[in-house]
Amino acid sequence: MEYENILIETDDHISVITINRPTKLNALNKPTIEELHRALIQLEEDKAVRVVIITGSGEKAFVAGADIKEFSSFNVSEGSQLAAKGQELLFDYAQNYSKPIIAAVNGFALGGGLELAMACHFRVASTNAKMGLPEVTLGLIPGYGGTQRLPQLIGKGRAMELIMTADMINAEKALDYGLVNHVVEQAELLSFTKTIAQKISNNSSSAISKAIKSINANFRDGTNGYHEEIKHFGECFNTQDFTEGTTAFLEKRKPNFKG
Ligand code: COA
């Protein structure tokens, strides 16, 4: 499939999507969001892919936000439409993706960039990464889920302060806040993230997919997460991975999950 704003590389069950608009610090314009959506569909259908990593090209930015130039003359309905479409195509889509998505945050992750990283299932950052939601400096609020996911990840008080001050935090503070799981030197960011992805890819893909659904249920209004967990737990018993996993255990060997 042809893409202009992203690159995809797949090796050993792991796909790396690189957002590739370095001259604009990988800002998310409409075509880039649409390409990311198409890429996620393509990789979801590809049985060889078990884990997806999203990163930004260059050494400066993961994603410096939504493309400000693109929306600077929008009216109320165009603004709402921008947020709704973006959430549908990318941010909600990533959060509810059936395969694990890890954000490898290699520099600035601001506005929509941090919102994308937060929509991924977890985050690894390089030491030079800087994160923030500076929308109020533009007379806006975060519109790609930032007001919801930031408090879920770091707590309400910290999220209030970060959004109100528009401050950027460095990787060390993001680690302390629990916004990222690991911080590594930039040169090691991808190899380190791939090592985690590799570990994940050795486990049962079908079970991981159900774990994602069950964990997400905890954050969905009107859903009883415990009931969701029971449902998905039960479904596991009807999978080849369950047969393989339990048989391998009883035969004292490593499981060989087919994905
Ligand atoms: N949307 C559109 N273009 C962006 C962008 C964004 N969110 N962020 C950066 N760019 C563009 C700049 O306009 C510039 O393009 P130009 O060379 O054609 O003028 C290019 O990327 C490089 O950015 P620049 O600002 O010159 O780099 P810097 O090192 O001086 O500053 C940042 C880096 C990240 C601090 C700064 O670019 C910035 O504040 N970006 C906007 C962050 C933001 O508010 N994001 C939330 C959007 S909702």
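**View 1. Asn-5, a buried residue ahead of the first strand.** At 11% relative accessibility, Asn-5 counts as buried, and in this predicted model the residue is placed in the segment before β1 (6-11). Setting aside residues up to four places away in sequence, Asn-5 touches Thr-18, Ile-19, Asn-20 and Arg-21, and also Pro-31, Thr-32 and Glu-35. Between Asn-5 and His-227 there are 41 Å in space, taken from C-alpha to C-alpha, for a separation of 222 residues in sequence.

**View 2. Asn-29 and its surroundings in the loop between β2 and α1.** Asn-29 belongs to the loop that runs between β2 (14-19) and α1 (30-45), and it counts as buried because its relative accessibility is 10%. Its side chain makes a polar contact of 2.4 Å with the side chain of Thr-32. When the neighbours within four places in sequence are left aside, the residues in contact with Asn-29 are Arg-21, Asp-67 and Glu-70.

**View 3. Ser-57 in the loop between β3 and β4.** The loop that holds Ser-57 lies between β3 (51-56) and β4 (61-63). With a relative accessibility of 12%, under the 20% limit for a buried residue, Ser-57 therefore counts as buried. Not counting residues up to four places away in sequence, Ser-57 touches Thr-18, Ile-19, Asn-20, Arg-21 and Pro-22, together with Asn-26 and Asn-106.

**View 4. The ligand and the residues that surround it.** The ligand is surrounded by 15 residues, of which Lys-24, Lys-60, Ala-64, Ala-66 and Ile-68 are the closest. By class, this shell consists of nine nonpolar, two polar and four charged residues. Backbone atoms also approach the ligand: a backbone N or O atom of Ala-64 lies 3.0 Å from a nitrogen atom of the ligand, a polar backbone atom of Ile-68 is 3.0 Å from a nitrogen atom of the ligand, and a polar backbone atom of Thr-23 is 3.4 Å from an oxygen atom of the ligand. The ligand taken alone exposes 860 Å², and the protein buries 60% of that area.

**View 5. The nonpolar cores.** In soluble globular proteins, nonpolar side chains tend to be buried together. The largest nonpolar core here has 48 residues, and those with the most contacts inside it are Ile-17, Val-52, Ile-54, Phe-62, Met-131, Leu-150 and Leu-179. Not counting residues up to four places away in sequence, Ile-17 touches Ile-6, Leu-7, Ile-8, Leu-36, Ala-39, Leu-40, Leu-43, Val-52, Ile-53, Ile-54 and Thr-55. A second, separate core of 15 residues includes Ile-53, Ile-196, Ala-197 and Ile-212.

**View 6. His-13 and Lys-252, non-glycine residues with positive phi.** His-13 is found in the loop between β1 and β2, and although it is not a glycine, it has a positive phi of about 75°. With a relative accessible area of 29%, His-13 is partly exposed. Lys-252 lies in the segment after α11 (240-250), and its phi is near 55°, again a positive value in a residue other than glycine. Lys-252 counts as exposed because its relative accessibility is 79%.

Notes:
Residues are numbered from 1 along each chain as its sequence is written. This is a predicted model: local features need pLDDT of at least 70, side-chain atom pairs count only at pLDDT 80 or more; totals for chains, interfaces and linings use all residues. Side-chain values use heavy atoms; hydrogens and water are left out. Helices (H or I, at least four residues) and strands (E, at least two) are DSSP runs, numbered from the N terminus. Buried means under 20% relative accessible area, exposed over 50%, partly exposed in between (1.4 Å probe, protein chains only). A polar contact is a pair of N or O atoms within 3.5 Å; within protein, one must be able to donate a hydrogen and the other to accept it, and residues adjacent in sequence count only if both atoms are side-chain atoms. Contact means heavy atoms within 4.5 Å. A residue is near a molecule or strand if one of its heavy atoms lies within 4 Å of it. Accessible areas come from the Shrake-Rupley method with a 1.4 Å probe; for residues, only the protein chains shown count as cover. Ala, Val, Leu, Ile, Met, Phe, Trp, Tyr, Cys and Pro count as nonpolar, Asp, Glu, Lys and Arg as charged, and the others, Gly among them, as polar. A nonpolar core is a set of buried Ala, Val, Leu, Ile, Met, Phe, Trp, Tyr and Cys residues joined through side-chain atoms within 4.5 Å.
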